[in-house]
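Biologist: Could you take a close look at one part of this model for me, the nonpolar patch on its surface, and then work outwards from there? I'd like the cut-offs spelled out as you go.

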Amino acid sequence: MGGQVNVDDLAVSYRRLVLWFGVQLVFGLFGAAIQGMAVAAPELALVLMLVRLGGLLITIVALVIYAYRTAKALGSTAAVVWGVAMLIPCLNAITLLLISSRAQAACKEAGIPVGFFGPKI
C-alpha cells in the first residue's frame, strides 16, 4: 500500500474489521427474519427493526474506523479513502476483500497466522 507496515496495529485492526463485517452480515439476516414476521406481529417487528437500525449504525461506524486503522497500519497514504469506501453498500465487501488480501499477506510475512476470523493474536 505504500509506507511502513505496523504489524501489531495491523493484527488488531484487521481482526476487528473482519469481526465487525461478520456482525454486519448477522444484522442483514436478522432484518430478513424481521420482515418475515412483520405481518403476524407488526408492533414487535417495528421495535426489532429500530433495534436493528441502531445496531447497523454502530456496525457501520466500527467498519469505517477499523478499515481506516487497518489501512493506516498497512502504511497506506489513503487510509481515509479506505474507511469511506466502507460506507458504500456492496463496495464495502469489495473493499474488505482488497484490504483483507493485503493484510493477510502482511501478517503472513510477519509470521502471524491468519484464520477465518482474521489474525490469531
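Modeller: Sure, starting with the patch itself: Tyr68, Val80, Val84, Leu87, Ile88, Leu91, Ile94 and Leu98 make a nonpolar surface patch of about 680 Å². Patch members need over 30% relative accessible area and no salt bridge, with nonpolar side chains (Val, Leu, Ile, Met, Phe, Trp, Tyr) joined within 5 Å and, for charged patches, like charges joined within 9 Å. A salt bridge here is a side-chain nitrogen of Lys or Arg within 4 Å of a carboxyl oxygen of Asp or Glu. The areas are Shrake-Rupley values with a 1.4 Å probe, and for residues only the protein chains shown count as cover.

Some housekeeping before going on. This is a predicted model, where local features need pLDDT of at least 70 and side-chain atom pairs count only at pLDDT 80 or more, while totals for chains, interfaces and linings use all residues. Numbering starts from 1 along each chain as its sequence is written, and side-chain values use heavy atoms, with hydrogens and water left out.

Back to the patch. Helix 3 (79-85) and helix 4 (91-109) each supply at least two of its residues, and helix 4 gives the most, with 3 residues. Helices (H or I, at least four residues) and strands (E, at least two) are DSSP runs, numbered from the N terminus. Val84, one of the patch residues, sits in helix 3. Val84 is partly exposed, because its relative accessible area is 44%; buried means under 20%, exposed over 50%, and partly exposed in between (1.4 Å probe, protein chains only).

Between helix 3 and helix 4 there's a loop, and Cys90 is in it. Its backbone deserves a look: phi of Cys90 is near 70 degrees, a positive value in a residue other than glycine. Most residues other than glycine have a negative phi. Cys90 counts as exposed, since its relative accessibility is 64%.

On the other side of helix 3, Gly75 is in the loop that joins helix 2 (42-73) to helix 3. With 12% relative accessibility, Gly75 counts as buried. From Gly75 to Lys108 the C-alpha distance is 16 Å, with the two positions 33 residues apart in sequence terms.

Helix 4 also carries Ala105, which is partly exposed at a relative accessible area of 45%. Ala105 and Gly55 are 50 residues apart along the chain, and their C-alpha atoms are separated by 31 Å.

Helix 4 turns up again in the largest pocket, which has a volume of about 250 Å³. There are 16 lining residues, and the closest to the pocket centre are Val18, Phe21, Leu96, Phe116 and Phe117. Helix 1 and helix 4 are the elements that give two or more residues to that lining, with helix 1 giving the most, at 7 residues. For the record, on a 1 Å grid over the protein atoms alone, a pocket is an open set of points with protein on both sides within 12 Å along at least five of seven lines, a cavity is a set where a 1.4 Å probe fits but cannot get out, and lining residues have an atom within 4 Å of a point. Points are joined across faces, edges and corners, and the volume is the space filled by probe spheres set on them.

That brings us to helix 1 (residues 7-37), where Ser13 is found. Ser13 counts as buried, as its relative accessibility is 6%. Not counting residues up to four places away in sequence, Ser13 touches Tyr66, Arg69 and Thr70; contact means heavy atoms within 4.5 Å. Val7 is in helix 1 too, and counts as partly exposed at 27% relative accessibility. Leaving aside neighbours within four places, Val7 is in contact with Ala110 and Ile112. Compare two C-alpha distances: Val7 and Ala38, 31 residues apart in sequence, are 46 Å apart in space, whereas Val26 and Leu56, 30 residues apart, are 9.9 Å apart. Val26 also lies in helix 1 and is exposed, with a relative accessible area of 54%.

Zooming out, the chain has 4 helices and 2 strands, running α-α-α-α-β-β from the N terminus on. Its C-alpha atoms fill a box of roughly 55 × 25 × 20 Å along the principal axes. Of the 121 residues, 35% count as buried. Among contacts between residues at least 6 apart in sequence, 67% join residues at least 24 apart. The chain exposes about 7,200 Å², and carbon and sulfur atoms supply 70% of that.
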